[in-house]
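User: Please take a close look at a single part of this model and describe it in one connected answer. Continue from there to the rest of the structure.

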Amino acid sequence: MLPESIELQVVTPERHVLEETVLAIEIPGKEGYLGVLPGHAPLITELGVGILAYRTGSATRYLTIIEGYAEVLPDRVIVLAEISEKAEEIDVDRSRAAQDRAQRALAQHGPGTAEWQAERQAIERAMVRIAAASQAGMARAQTKEP
Amino acid sequence: MPTLLDYRRRIRSVKNTQQITRAMKFVAAAKLRRAQEGVFSARPYAKEILRVLHSAAARVESTVHPLLERRAVKRILVVVLTGDRSLCGAFNSNVIRRASHFLRDHRTENPQVLAIGKKGRGVLRREGWPLAGEYVNVSGNVDFAIAKEIAAKIAELYEKREIDAVYTVYNEFKNVLVQRLCTEKLLPIDPAILGERGSQEKAAPGAPADMLPRDLAPSGQSRLVEYLYEEPIGEIFSHLVPRYLQSEVFRILLESEAAEWAARMTAMDSATRNAAELIDKVTLEMNKTRQAAITKELIEIVGGAASATS
């Protein structure tokens, strides 16, 4: 018997982000996105920087994930992320500002230096946040239409 | 004999102090609540990372990792967690006393100190222990980034073989009234921890160094399951080990922070109560003096009247 749903749990060191019963999940693995449906084979993977999407009934919700691990079991998925926010919580203006700031700072450092790496990662994080927020916005707009 | 005015001044001054201690008590209570939430919300992550680490450990061929390596202990590092400020009862002095005992007991192992908090740094430096590093103004704004930084520093020293073991002395937050003083070994990571957390204290001496108790999986389910891996399991395992260290450091920081605010709150609470007692006592004495003065005046009036009529 395959399970019909997945218990999704997302935790970061600083908080318990989410615990919900969902139907499908898309996980941002280090090597690429992977889709998880109920009854998935057990799997452990490292996470990259990206957007985790999950579906409950008709709604799809988004979370940002910044590095960590995920353990997948047939009826349970545990995501141990370094940082994670729900798309609704993201302050897009702040992320834009962070991206601009990092982009300007990036130009001042030589490629490959530690500062350059740090700024590049900051840009990546900001872009993921903006993308997650805009996807969540689009999803909301679609569900409102008849 | 103090005059009435002296008493009034005294009472006013104690009242002022009481107001300050009361305010500090409320501040501590609010901060404590936040720190406590931090402790609670860090627990699921710590629990899950231990579980994943465990299930990875049970499946790798060799559990060789620089942070698991055991070697003859010639130099040790002691991480001491205190607060940055005083007025928190015996909180800081307890940790410092325990730490300096510990350092003296391990004098032969060339201990170095990693001080977190101004109080511990000051005293231990004055006692002449070499400081491997210091982090101040941590308590009150603990976040995972600072835990990562501290863990990275510890791991670096350990991997460069500048130290062979890491201990930590800190206050564990039991509840608001009780802080438990803890001395724990942080590195090398006890192989028993990879097996089961509960056996952490008991299992250490007899356990063979580099072999893991393979059948101590936390739940029957994950023991039977064979995982698929996106990356080589050895790689995952070797990334998980430093994460575990980070999560331990984070936990210790949070415990100590919560314990500090709890200690400060209790200390300020009893200071407020002592001030109230003192005010009562002084008020009583003041009233006695006042009565004595009135009685004296009455006697004088009566005496004066008697001498006038006679």
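**A loop residue and its surroundings**

Analyst: B:Asn137 has a relative accessible area of 46%, so it counts as partly exposed. The model is a predicted one. B:Asn137 sits in the loop that runs from strand 3 (131–135) to helix 4 (144–159) of chain B. Its phi is near 60°, a positive value in a residue other than glycine. Most residues other than glycine have a negative phi, and most peptide bonds are trans.

Chain B has another backbone feature to record, in a further loop. The peptide bond joining B:Leu187 and B:Pro188 is cis, with omega about -10°. B:Pro188 belongs to the loop between strand 5 (179–187) and helix 5 (191–195) of chain B.

These loops belong to a chain with eight helices and six strands. In sequence order, the elements of chain B run α-β-α-β-α-β-α-β-β-α-α-α-β-α. Chain B has 310 residues, and 47% of them count as buried. When contacts in chain B are taken between residues at least 6 apart in sequence, 76% of them join residues at least 24 apart. Its accessible surface is about 16,200 Å², with 54% of that belonging to carbon and sulfur atoms.

Helix 1 of chain B covers residues 4–57, which is 54 residues. From its first C-alpha to its last the helix reaches 76 Å, close to the 80 Å expected at 1.5 Å a residue. The helix also has a kink of about 30° at B:Arg43, shortly before the proline B:Pro44. Within helix 1, the side chains of B:Asp6 and B:Arg9 form a salt bridge, at 3.9 Å from N to O. A salt bridge here requires the nitrogen and the carboxyl oxygen to be within 4 Å, so the pair is counted at that distance. The two residues are three residues apart in this helix, about one turn. B:Asp6 has a relative accessible area of 36% and is therefore partly exposed.

Helix 8 of chain B, residues 233–309, contains B:Leu298. Together with B:Ile294 and B:Ile301, B:Leu298 makes a nonpolar surface patch of about 290 Å². Helix 8 also holds B:Asp269 and B:Arg273, four residues apart, about one turn of the helix. Their side chains meet in a salt bridge at 2.8 Å, N to O. B:Asp269, at 24% relative accessible area, is partly exposed. Elsewhere, salt bridges that share partners join B:Glu69, B:Arg71, B:Arg161 and B:Asp164 into one network.

Over all chains the structure holds 22 salt bridges. One of them is in chain A, between A:Glu89 and A:Arg15, with the closest N and O atoms 2.9 Å apart. This pair links distant parts of the chain, 74 residues apart. A:Glu89 is in the loop between strand 7 (76–86) and helix 1 (92–108) of chain A, while A:Arg15 is in the loop between strand 1 (6–11) and strand 2 (16–22). Both partners count as partly exposed, A:Glu89 at 42% relative accessibility and A:Arg15 at 31%.

Chain A has a positive phi to set beside that of B:Asn137. A:Glu67 is a residue other than glycine, and its phi is near 55°. Whereas B:Asn137 is in a loop, A:Glu67 is placed in strand 6 (residues 59–73) of chain A. A:Glu67 is partly exposed, at 32% relative accessibility.

What does A:Gly48 touch, not counting residues up to four places away in sequence? The residues are A:Pro28, A:Gly29, A:Lys30, A:Ile65, A:Ile66 and A:Glu67. A:Gly48 itself lies in strand 5 (residues 43–56) of chain A. Why does A:Gly48 count as buried? Its relative accessibility is 12%, and buried means under 20%, so A:Gly48 meets the cut-off. The C-alpha atoms of A:Gly48 and A:Gly32 are 8.0 Å apart, and the two residues are 16 residues apart along the chain.

Terms used: Residues are numbered from 1 along each chain as its sequence is written. Chains are lettered from A and ligands numbered from 1 in the order in which they are written. This is a predicted model: local features need pLDDT of at least 70, side-chain atom pairs count only at pLDDT 80 or more; totals for chains, interfaces and linings use all residues. Side-chain values use heavy atoms; hydrogens and water are left out. Buried means under 20% relative accessible area, exposed over 50%, partly exposed in between (1.4 Å probe, protein chains only). Contact means heavy atoms within 4.5 Å. Accessible areas come from the Shrake-Rupley method with a 1.4 Å probe; for residues, only the protein chains shown count as cover. The expected span of a helix is 1.5 Å times one less than its number of residues. The bend at a residue is the angle between axes fitted to the seven residues ending there and the seven starting there. Patches are made of residues with over 30% relative accessible area and no salt bridge: like charges are joined within 9 Å, nonpolar side chains (Val, Leu, Ile, Met, Phe, Trp, Tyr) within 5 Å.
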